[in-house]
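Got your viewer open? Load the model and keep the selection panel handy, and we'll walk through it stop by stop.

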Amino acid sequence: MPFIPHTDQDVQKMLDVIGVDSIDDLFDEIPEHLRAKPMDGIPEGLNEMAMMRVLSERAQQDDGALCFIGAGAYEHHIPAAVWSTAMRGEFLTAYTPYQAEASQGTLQLIYEYQTMMCQITGLDVSNASLYDGASGLAEAVLMAIRANRKSKSKKVLLAGSVHPLYRKVVNDIVSNQGITLDTLPLNTQDLCIEHEALSQFESQDYAALVIAQPNFFGTLEDVNTLTNWGQNHGMLVIGVVNPMAMAMLAPPGEWGDNGADIAVGEGQPLGLPLASGGPYFGFVCCKQKLVRQMPGRIIGRTVDLEGKEGFTLTLQAREQHIRRSKATSNICTNQGLAVTAATVYLTLLGFNGLLKVAQASHHNTNLLVSKLQGISGVTIRSPKTVFHEFVIELDRNVSEVIELMAEQGVLGGFDLTDYYAELGNCLLVCVTEVKTESDLDLFVDALKRALQEGAVKC
Amino acid sequence: MLIFENGSKGRNATSQIPQNVSEDTNLPSEFLRTSIADLPEVSELQTVRHFTNLSRKNFSIDTQFYPLGSCTMKYNPRGAQQAASLPGFLSRHPFAPESYSQGYLSCVYDLQQTLKEVTGMAGVSLSPMAGAQGEFAGVAMIKAYHDGRKDFERTEIIVPEAAHGTNPATAVMCGYKVKEVPVRADGDVDLEALKAAVGPQTAGIMMTNPSTCGVFERQIEEIAKTVHDAGGLLYYDGANLNAILGKVRPGDMGFDVLHMNLHKTFATPHGGGGPGSGPVAVGERLLPYLPTPMADCKKSESGTVSYHWVDEKELPETIGRLSAFMGNAGIVLRAYIYAVLLGRDGLLRVGENSTLSANYMAKLMSDAGFKLAYEDRRATHEFIVTMSKQAKELDVTAMDFAKRLLDYGYHAPTTYFPLLVPECLLIEPTETESIDEIEGFVKAMIAIQKEAETSPEKLKGAPFTQPVRRLDDVKAARELDVAYQKVME
């Protein structure tokens, strides 16, 4: 059912005007032997009703569990007005705002988004967003290398407490450009950066330092000390932050004596559904002096020829469609619709609402930690300073426990053993504002039962 | 009015604020925020009204004909939006165990299979999040292939001068130098120049076919042979795949690797500039390097099929990960649903009818006196009109025509791309626009041409009917204002 409006008469009229006998004649510049054979491997098309039946059955298979997984994607309540507004056809089916006069809706919205992200991170400038938090971090690393005037180094120092998949994505994107990434080691007791190890990196020249707040384990890092240390050693400091947490925690612009230079992170907590990992959006904010090294679209406010306020794409001389091989990045889009949803979300919540969501998530997390104290086979590994995630050590294989909990309809968390073998059998658990106390009790029961069943199986 | 100018201290959308929240925290005060983020303070109605009114200042496919060349602005089926928004899909965590992932995994797997069939390639990964990231993945695989053969001398990527700007920018991001080759007056690549350009330093060539000139590259087999003989690989930029869907496959033309734009060919919404999705497909020799994650399936002895993720453990030579999770997972899902709706015959008819519509529109424009840039060639799914005569004789530019079209209720075509055709408009009607819309657009162009001859100020001052007139881009860049600063009272 290909959504083609042409009737047989329309087709005939068009062929007559063009002056050919058949549609196939329009492909006569393609060598005959290259023409494709019928695509037998693809099924026949379905109408909408039949399609909905198939897709509903598939969606049903993944539905219905109580989710305590975080690890970079977080379940928050999404107000109904967020997507009913963002899904308006004028937002959903517009393209990149090249024709500014006919795109003022999208352009003003992104300007408002940029303003909100600057407020949240405490920095001066935001771009219009990048693909996701991890690829955004890769772009921030490239940006810092271009922007650091004190250092010609192509080496960057990443904290071992930054999301392991973010570190992998950064490596896989920047390594082709001859950039070296070194890792600041983890203190496996406190689940944050090992400060004792800092001195061993002081003799080397690094362009940038990447730290996360809260870090991958949900633990708070001493970002003030780390930011000062990095900047005192000639590095630009990049903070990877959860925007929701920034309502409660000091934002990157206020870290240390001078503030971090660049903030980057995953925008998903701001009104985007988990949806298997995307589409989300990556935000990047920076100090004013770095703006010309910023990757991606930026919207500016200006006036039209009658002096009326309007919005337009600006600083385009950084971008691929102008600079080609000399552009700051090959990126040509942002995550427009995701940003639209996040902007509506932030407007509905305001700072007060955002703070309440963060506090409720934090409070529920502490409540679950207290409920897990003293359970046989469970050790709380996190220190007391966590935001809305924490680590527990189990006395059995984590992936088995996760499966046994899933059989009870509870998704227990993220298995850390693949990425941090040195921690032992550890599970990363997340609690947000959507969980009630009885949900937490279900988690505790499911975990206890899984540990007992695991013991029986052994 | 900006949303920030719209609120009152202490106002909020009360229904959205969590209740009975404890403000107690065990966190040390040095970690806590003391400043206030100056976010809007408005009611739920004010929020909805503000953004609804903003939306009305946009042109969109839902409201206007949007013939933006090379962007494939076709109808985005609502069925795909609705099915992708089923609760089971929206609530699935990217790290959900496979026992709670079979529904989504089966869609990923089936789309991989469909795209292999459409492109004639051996393997597909859906993880790149946009066309530009697909390009990056593709060129990174070319590099991994040469490196895997210890062939480190290949330092150059060849790009025809008509190429999209992302092609050279991508090559540089992968550590390559860019060598441009010229395009002949008939829109095809200058084969002799290409032969002179290739050598032991050639890693590969990046091409679009149909090209950005809106014509099919007729020498594609000689180009493939030339580059392959020199030891390089062929990269296919799938920007224009809509034109050839079901008619000719990149794999059969000799390409080794390609990306597709699901937000073009597979009708996922453009969303005001994203999210898109740029899957990559490869031939046999690049299979080990595909980016992860991908979906695969196993059949048990009892015949039940189960799906699982393929990661770097199973594919050790992969170029790796481009996103923390599974790319733009929800866009992949919408594209899959589009493919389910169309099926094999529907997909074939897309290529046929997008080409039919573009050729009809080009003929009407040509008959009306407009100059086609490649008038001796068949149009593909798009075509180029050049306004250089109007610029010279009437002092009105392609941009003036574009802006005046907005007053007639049509979104402008792509302007000034490709760069090698002066004063050009790149026009792509797509298969979902009716013959009436196509004819209406041509009539508007004829009317604007008359205005250009009699009252050119109507073009030069255009648009007159939009929320703003032409904007001062120089001021925007010089007096940079990219975030609202509240004026203190």
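Which domains does the domain assignment give for chain B? Select residues 79-341 for domain 1 and 345-466 for domain 2 of chain B; such bounds come from an automatic or database domain assignment.

A word on the ground rules. Residues are numbered from 1 along each chain as its sequence is written, while chains are lettered from A and ligands numbered from 1 in the order in which they are written. The model is predicted, and local features need pLDDT of at least 70, side-chain atom pairs count only at pLDDT 80 or more, and totals for chains, interfaces and linings use all residues.

**Stop 1: between the domains of chain B**

Color domain 1 and domain 2 of chain B separately: their centres, taken over C-alpha atoms, are 30 Å apart. Where they touch, 19 residues of domain 1 of chain B meet 18 residues of domain 2 of chain B. Contact here is when the C-beta atoms of two residues, placed from the backbone, lie within 7 Å. On the domain 1 side of chain B, that patch holds ten nonpolar, six polar and three charged residues. For those classes, Ala, Val, Leu, Ile, Met, Phe, Trp, Tyr, Cys and Pro count as nonpolar, Asp, Glu, Lys and Arg as charged, and the others, Gly among them, as polar.

**Stop 2: a hairpin in chain B**

Now pick residues 294-299 and 305-310 of chain B, which are strands β8 and β9. Helices (H or I, at least four residues) and strands (E, at least two) are DSSP runs, numbered from the N terminus. β8(B) and β9(B) run antiparallel, joined by six bridges; two strands pair if DSSP finds at least two bridges between them. Show B:K298 and you'll find B:S306 of β9(B) opposite. The two strands form a hairpin with five residues between them, and B:G303 in the turn has a positive phi of about 100°.

**Stop 3: a four-stranded sheet**

Next, bring up the open antiparallel sheet of chain B, ordered β10-β11-β13-β12. Its edge strands are β10 (371-372) and β12 (414-415) of chain B, each pairing on one side only. β10(B) is joined to β11 (383-386) of chain B by two bridges, with B:L372 opposite B:V385. Add α11(B), which packs on the sheet against β10, β11 and β13 (424-427) of chain B, its direction at about 15° to that of β11(B). Then add α13 (398-407) of chain B, which touches β12 and β13 of chain B and makes about 45° with β13(B). Axes are lines fitted to C-alpha atoms, for helices over the stretch in contact, and angles run from 0 to 180 degrees between N-to-C directions.

**Stop 4: where the chains meet**

How many residues does each chain bring to the contact? Chain B brings 166 and chain A brings 166. Keep α11 (329-367) of chain B selected: with 21 residues, that helix gives the most to the chain B side. By class, the chain B side has 84 nonpolar, 50 polar and 32 charged residues.

**Stop 5: over to chain A**

Chain A has twelve helices and 17 strands, and its C-alpha atoms fill a box of roughly 80 × 60 × 50 Å along the principal axes. Select 66-75 + 350-457 for domain 1 of chain A and 80-345 for domain 2 of chain A. Their contact takes 25 residues from domain 1 of chain A and 20 from domain 2 of chain A. To finish, highlight α10(A), which supplies seven residues, the largest share of the domain 1 side.
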